[in-house]
Amino acid sequence: MTATAEASALTAPFWAAAAEGRLVRPVCDRCGTSFFTPGIACPACQSEAWTYVESSGRGVVYSHSVVHRPPVPGRRTPYVVAIVDLDEGWHLLTNVVGCAPEDVRIGMDVEVRWVTEDGVRLPAFAPRAGERAA
């Protein structure tokens, strides 16, 4: 089963873009606010007119936590859950990959990397080229 098969009409374009390796976010047609998660109305101005727009996939780690106990059997630990602030002014709850959990730090420059879990392509983030470990 794929994410698009389970997606609502509101989120289907996000999952379709993810399947293609493109990161998109809702952008309000009226005020220009980028936001996530998709909602019926813009959280800034309440306009129901918004469009999915491609993201650069570049941002910085705002906050993070290392998970040491698996939430479900079979999930490998440790892994990093983080809030990433994207360059376009929106944020995403995601995982940080491509480095040791202890090397993740607030303010780390990251970029999107795609991972597949249970047949679903998901955005994760890895340190940008040239980013130094903590």
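This section describes the aromatic ring contacts of the predicted model.

Five aromatic pairs were identified in the structure. One of these joins phenylalanine 35 to tryptophan 50 in an edge-to-face arrangement, with the ring centres 5.8 Å apart and an angle of 75° between the planes. The angle is classed as edge-to-face because it is over 60 degrees. The two residues are 15 positions apart and belong to distant parts of the chain: phenylalanine 35 lies in the loop between β1 (24-28) and β2 (50-54), whereas tryptophan 50 is in strand β2. Both partners are buried, phenylalanine 35 having a relative accessible area of 6% and tryptophan 50 one of 16%.

A tilted pair is formed by phenylalanine 36 and tryptophan 90, for which the centre-to-centre distance is 5.6 Å and the planes meet at 50°. This contact likewise links distant parts of the chain, with the two positions 54 residues apart in numbering. Phenylalanine 36 is located in the loop between β1 and β2, and tryptophan 90 in the loop between β4 (79-86) and β5 (91-96). The partners contrast in accessibility: tryptophan 90 is buried, at a relative accessible area of 2%, while phenylalanine 36 is partly exposed, at 23%. Phenylalanine 36 is not classed as buried because that term requires a value under 20%.

Phe36 and Trp90 also belong to a cluster, connected through ring pairs, that includes Phe14 and Trp15.

A contact between a charge and a ring was found as well. The charged end of arginine 75 is positioned over the ring of tyrosine 79, at 3.9 Å from the ring centre.

Methods
Residues numbered from 1 in each chain as written. Predicted model: local features only at pLDDT ≥ 70, side-chain atom pairs only at ≥ 80, totals over all residues. Heavy atoms only, no water. Phe/Tyr/Trp six-rings, centres within 6.5 Å; stacked < 30°, edge-to-face > 60°. Helix = DSSP H or I, 4+ residues; strand = E, 2+ residues; numbered from the N terminus. Buried < 20%, exposed > 50% of the residue type's maximum accessible area, 1.4 Å probe, protein only. Lys NZ or Arg CZ within 6 Å of the ring centre and 35° of its normal.
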